[in-house]
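Please look at the sequence and the model together, and read slowly, following one part of the chain at a time.

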Amino acid sequence: MSGAAGQAVEHVCLPKMEAKSKPGCCNPVKKSGPVTMDHVLLALCETKEERDMRIRSLFDFFDAANVGFLDYAQIEKGLSALQIPAEYKYAKDLFKVCDANRDGRVDYQEFKRYMDVKELELYRIFQAIDVEHNGCILPEELWDALVKAGIPCFS
């Protein structure tokens, strides 16, 4: 990508994610309880290596200059390329949370730790909503979850 940092990003090239539909990999946890990264891998139908490649590709997308770390400007530019509006404070929040050692940079290990935590968190949320533990969130389950969260539902 060329041009000044303030210019709009013209083209975004993220790796294609292929839909995988393997029997038995929908929802590996059939009851509520501790969720591990192994559960997340099974649910995503990914091997550890495939997941590592996906996360590395995302880090590399943000690290377009190939400097080996992310700074605030790179994160903001990457989010902009993903068409996430600047008025959302995601770049500041992401940078603040990822920069664990507070050195003003987000290295790959910090980024990966953040992704680990977020994917586990999202899977736990999925598990909490999927009360039948069948790998699908039914409309009734979603409705109940929204009501419990205090989000008004309209029919």
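Against which helices and strands do the buried residues of helix 2 pack? In this predicted model, they pack against helix 1 (37-44), strand 1 (69-70), helix 3 (72-81), strand 2 (106-107) and helix 5 (108-129).

The buried residues of helix 2 are R51, R54, I55, F59, F61 and F62. They cover an arc of only 160° around the axis, which puts them on the same side of helix 2. On the other side of helix 2 are E49 and M53, and these are exposed. A general rule helps in reading such a pattern: an α-helix has 3.6 residues a turn, so residues three or four places apart point the same way.

The length of the helix can be checked as well. Helix 2 covers residues 48-62, and because each of its 15 residues counts for 1.5 Å, the expected span is 21 Å, which agrees with the 21 Å between its end C-alpha atoms.

Further along the chain, the UniProt record, an unreviewed entry, lists residues 86-121 and 122-152 as "domain: EF-hand". For residues 122-152, the end C-alpha atoms lie 21 Å apart, and the span is 58% helix and 0% strand.

Two cysteines can be set side by side by their accessibility:

| Residue | Relative accessibility | Class |
|---|---|---|
| C98 | 2% | C98 is buried |
| C136 | 40% | C136 is partly exposed |

C98 counts as buried because buried means under 20% relative accessible area. A disulfide is a covalent bond between the sulfur atoms of two cysteines, and a search of the whole structure finds 0 disulfides.

Methods:
Residues numbered from 1 in each chain as written. Predicted model: local features only at pLDDT ≥ 70, side-chain atom pairs only at ≥ 80, totals over all residues. Heavy atoms only, no water. Helix = DSSP H or I, 4+ residues; strand = E, 2+ residues; numbered from the N terminus. Expected span 1.5 Å × (residues − 1). Buried < 20%, exposed > 50% of the residue type's maximum accessible area, 1.4 Å probe, protein only. Arc of directions from axis to C-beta. Contact = heavy atoms within 4.5 Å. UniProt positions renumbered as here; feature names shortened; annotations may be inferred. Disulfide = S-S within 2.5 Å.
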